Amino acid sequence: MSQTYFISSDKRVLGMSPDNQPAAKVPQGVPVTFETLDCFSNTLQHEDQLFTSVGWECINPATGPVWVEGAEPGDMLRVDILDIAIADHGVIASAPGFGEMGDRVGEVTRIVPIRDGKACFEWKRGSETLPLQTPINPMIGVIGVAPESGSIPTGTPGVHGGNMDCKRITKGATLYLPVFAPGALFAVGDLHAIMGDGEVVVCGLEIAGSVTVSFTVIKGKTWPLPLLVQKDDFMTLASARALDDAATMATRNMHDFLVKELSFDETDAAMLLSVNGNLRICQVVDPLKTARMELPLALLDMCGVALP
Ligand code: CA
Ligand code: CA
């Protein structure tokens, strides 16, 4: 019987670093399950507990890291997201000064049950509440590897992945990340039952759960990363302090991919992106903001290219 790998949320980090001790060494091609706390370390369990009562040492824990056997600096790490399981309730919180409407929100915590695949919100409206059941889209907020040196807080996104808060990182998606440190030192956390592009109030419907992935190490590729495949699209993700810069980086990364990997003419690749590419916002509330450029996966088929 093959060994199964389970990483408890007791093994968690607040920074991605080559100095982190691996929670486990895992081989390629086998399922590895990570138990994850929500972005508040599961500390908000009642609506009278508020966002600003959560210590920074509890914000954005990522479970891991794991050492992936065979991963060496310069490689690419393919992460197949085999499953995402979530708890039966999530939490959304707001606080003045946070997010895109920090001057318009009070400090409020809402515990939201999940029933039959729907998040059961009750929105205040006039003197009543409007029950609104929203289909869930379980996704991963924080997913990444260690940088070459130093420590990047798990709340920050970047080339290494991290807190990208991309709603397309779901079950069935494949994420390609760079490897900077021996073993890659992969960690994951910050699940959302549902989140809109932008994550404008500073959190999605935050939720505890577990993520099952498998790893493949790819040698000899220098793609612009991170690169994500989900459903009918492949996409480049990029993060920068200003959203304009993140958008430019995501676009240019995809352009690089078209020119260098698919041999498109530079100008034609740019025009193709202008008509077939969809430039979208992932999130605007983390220390760096994240954008993505999406292209139809069918384009790769038409080019006769299969991703490794
Ligand atoms: Ca996040
Ligand atoms: Ca979050």
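Colleague: Which residues of helix α2 (residues 266-276) are buried?

Modeller: In this predicted model, Ala269, Leu272 and Leu273 are buried in helix α2. Seen down the axis of α2, these buried residues fall within an arc of 100°, so they line one face of the helix. Ser274 and Val275, on the other side of α2, are exposed.

Colleague: What covers the buried residues of α2?

Modeller: The cover includes α1 (243-261), β23 (289-296) and α3 (298-302).

Colleague: What makes aspartate 265 a cap of the N-terminal end of α2?

Modeller: A side-chain oxygen of aspartate 265 lies 3.0 Å from the backbone nitrogen of threonine 267. A polar contact requires a pair of N or O atoms within 3.5 Å, and the value of 3.0 Å satisfies that limit.

Colleague: Why is aspartate 190 called buried?

Modeller: The term buried requires a relative accessible area under 20%. Aspartate 190 has 2% relative accessibility and therefore counts as buried. Glutamate 206, at 1% relative accessibility, also counts as buried.

Colleague: What makes Asp190, His192 and Glu206 ligands of the calcium ion (ligand 2)?

Modeller: For calcium, a donor must be an N, O or S atom within 3.2 Å of the metal. The atoms concerned are two OD entries of Asp190, NE2 of His192 and two OE entries of Glu206, at 2.2 to 3.1 Å, so they meet the criterion. Along the chain, these donors follow the spacing D-x1-H-x13-E. Aspartate 190 belongs to strand β17 (residues 186-192) and glutamate 206 to strand β18 (residues 206-207), so the pair ties together parts that are 16 residues apart in sequence.

Colleague: Which residues coordinate the calcium ion (ligand 1)?

Modeller: Asn163 through OD1, Asp165 through two OD entries and Asp190 through OD coordinate the calcium ion (ligand 1), at 2.2 to 2.4 Å. The donor residues have the spacing N-x1-D-x24-D in sequence. Asparagine 163 and aspartate 165 are buried.

Colleague: What makes aspartate 190 a bridge?

Modeller: Aspartate 190 coordinates both the calcium ion (ligand 1) and the calcium ion (ligand 2), which are 3.3 Å apart.

Colleague: Why is glutamate 100 called partly exposed?

Modeller: Partly exposed is the class between under 20% and over 50% relative accessible area. Glutamate 100 has a value of 48%, so it belongs to that class. Glutamate 100 is placed in the loop between β8 (89-94) and β9 (108-115).

Colleague: Which residues does glutamate 100 touch, not counting residues up to four places away in sequence?

Modeller: Glutamate 100 touches Val200 and Val284. The C-alpha atoms of glutamate 100 and glutamate 199 are separated by 9.0 Å, although these residues are 99 residues apart along the chain.

Definitions and conventions. Residues numbered from 1 in each chain as written. Chains lettered and ligands numbered in written order. Predicted model: local features only at pLDDT ≥ 70, side-chain atom pairs only at ≥ 80, totals over all residues. Heavy atoms only, no water. Buried < 20%, exposed > 50% of the residue type's maximum accessible area, 1.4 Å probe, protein only. Helix = DSSP H or I, 4+ residues; strand = E, 2+ residues; numbered from the N terminus. Arc of directions from axis to C-beta. Contact = heavy atoms within 4.5 Å. Polar contact = N/O pair within 3.5 Å; in protein donor to acceptor, adjacent residues only side chain to side chain. Donors = N, O, S within 2.8 Å, 3.2 Å for Na, K, Ca; no water.
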